[in-house]
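This report describes the fold of a single protein chain, from its strand pairing to its buried core. The sequence and the structure are shown below.

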Amino acid sequence: MGNTLWSRAAVAGPGTETTSARGTSAAPDDKEELQDASLEIVVLGTGAGTTHAFSGEPSSSFVVLKGGKPVLWCDVGYGTTYACMQHVGELPKHIYVSHNHGDHAGELPVVLAVEKKAAAAAGLDPPYLYCHPDVMAEVRQHRLRELRSTGEPQELFSTFRETLPGCTTFIGDTGLAVRPCLSRHSETCYGFVLYDEEGEPVLGWTADSGYDEELYGDVAEAAVLLLDARAEGSQEHAGFHELPRIAALPYMSGKTVYITGYGRQDEAPGREVVEGLGMRVAQPGLRIRLQGSAGKQAAGKQAAGKQAAGKQAAGKQGSAGKRAGDTAAEAPAAAAAAETAVAVNQAA
Ligand SMILES: [Zn+2]
């Protein structure tokens, strides 16, 4: 079953979405798939600060896959490790943390402790941690303090890589790179722009942020954007009522925008609302194909026809979700199928 999913992902066109419903089977390891340079992300969760503690749903997080292989885990908040095993089948060895809130970094100490041990047993390096220098200092001082109980220095648990502002930092030998983008948040927080092997921007992510045109302009270097918004906005989180303003920003034209960070699945913005703005809703298990330079021409055409194709896309997404959700017992209507598959994922 795993192979079927990965194979389909590898041949899917740019902008294609599917919803995964994986068990804990291993990630693909056959050579053909590793040579594939296709990029996509798998959304692990959309939770806010209280979400996992009170509902059990995973915090906001996603994994970048290259050629079907998980290479970069973005935010390691409460509930995301289990979600990562569920949707991706393994934990990527490269980890980017946007800020030190529990719903973005809460599981980092235990992940480093366990993965370091497993890596050592296999003769491999411990995980690599990427953060803006200010965030790195906060994470190491406050979050990773509990590693003291091991009696070992922090340096044994991770290779710490600071992502300097205005610079791109390579993610190991993946060929991918990130450039941190300052968000508007109570804690020092940086989203990023992700670049492919050719240096083309493929994903812009705000991480947690209040409405911030400078940030939106910054991440809009990429064609696919992951933005933070929730029902009730504040200084540190954009609100759904601000989505029309964001959609109307000149540099948002032609972008594929996903909303995340809204909390539980029943707190998601109405599909009809976001699609009217040309936006989409991220949900656990959703796989989003990223476009590199190769997909650029197609992207231009796609963007032009995007609004008109909105309704069609909703139907398509639904049926893709239904196919992917191979454990889904029923999918009552095409438009709701993706959500059905997600519910099954969470129950799994
Ligand atoms: Zn936060």
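Two strands are taken to pair if DSSP finds at least two bridges between them. By that criterion, strand S2 (residues 39–45) pairs with S15 in the antiparallel sense over four bridges.

## Model and confidence

The model is predicted. The average pLDDT of the protein chain is 81, and 74% of the residues score at least 70. Two segments fall under a pLDDT of 50 throughout: residues 20–34, for which the model has 43 contacts beyond four places in sequence, and residues 294–348, with 77 such contacts.

The secondary structure of the protein chain amounts to 13 helices and 15 strands. Of its 348 residues, 50% count as buried. Among contacts between residues at least 6 apart in sequence, 61% join residues at least 24 apart.

## Strand S15 and its partner

Within the pairing of S2 and S15, glutamate 40 has arginine 289 of S15 as its bridge partner. Strand S15 (residues 286–290) has five of its five residues buried, so it is largely enclosed by the rest of the structure. Leu286, Ile288 and Leu290 point one way from S15, while Arg287 and Arg289 point the other way, and all are buried. In a regular strand the side chains alternate between the two faces of the sheet.

## The seven-stranded sheet

An open sheet of seven strands follows the order S8-S9-S10-S11-S12-S13-S14, with mixed pairing. Strands S8 (169–170) and S14 (279–281) stand at the edges with a single partner strand each, so one side of each is left without a neighbour in the sheet. Strand S9 (residues 177–182) pairs with strand S10 (residues 190–195) in the antiparallel sense over six bridges; here leucine 182 stands opposite tyrosine 190 in S10.

Strand S12 (residues 224–228) instead pairs with S13 in the parallel sense, over five bridges, and valine 224 has threonine 256 in S13 as its bridge partner. S13 and S14 also run parallel, joined by three bridges; isoleucine 259 is partnered by valine 281 in S14. Each of these two parallel pairs belongs to a right-handed β-α-β unit: S12 and S13 with helix H9 (residues 243–248), and S13 and S14 with helix H10 (residues 271–276).

Strand S13 (residues 256–260) is mostly covered, with five of its five residues buried. Thr256, Tyr258 and Thr260 lie on one side and Val257 and Ile259 on the other, so that both faces of S13 are covered.

## Helix H7

The buried residues of helix H7 (residues 133–143) are Val135, Met136, Val139 and Arg143. Seen down the axis of H7, these residues fall within an arc of 105 degrees, so they line one face of the helix. The face turned away from that buried side carries the exposed residues Gln141 and His142. The buried residues of H7 are covered by elements including helix H5 (102–105), helix H6 (108–121), strand S6 (128–131), strand S7 (159–162) and S10.

## Nonpolar core and alanine 53

The largest nonpolar core has 75 residues, and those with the most contacts inside it are Val63 and Val97. Beyond its neighbours within four places in sequence, valine 63 is in contact with residues including Ile41, Leu44, Trp73, Cys84 and Val88.

Alanine 53 lies in helix H3 (residues 51–55). With 14 other C-beta atoms within 10 Å, alanine 53 is partly exposed. Alanine 53 and aspartate 103 are 50 residues apart in sequence but 9.3 Å apart in space, C-alpha to C-alpha.

Definitions and conventions: Residues are numbered from 1 along each chain as its sequence is written. This is a predicted model: local features need pLDDT of at least 70, side-chain atom pairs count only at pLDDT 80 or more; totals for chains, interfaces and linings use all residues. A residue is buried if 20 or more other C-beta atoms lie within 10 Å of its own, exposed if 12 or fewer, and partly exposed in between; C-beta atoms are placed from the backbone. Two residues are in contact if their C-beta atoms, placed from the backbone, lie within 7 Å. A nonpolar core is a set of buried Ala, Val, Leu, Ile, Met, Phe, Trp, Tyr and Cys residues joined through C-beta atoms within 7 Å. pLDDT is the predictor's confidence in each residue, from 0 to 100. The arc is that of the directions from the helix axis to the C-beta atoms. A crossover is right-handed if, with the strands pointing away from the viewer, the path from the first strand over the helix to the second runs clockwise.
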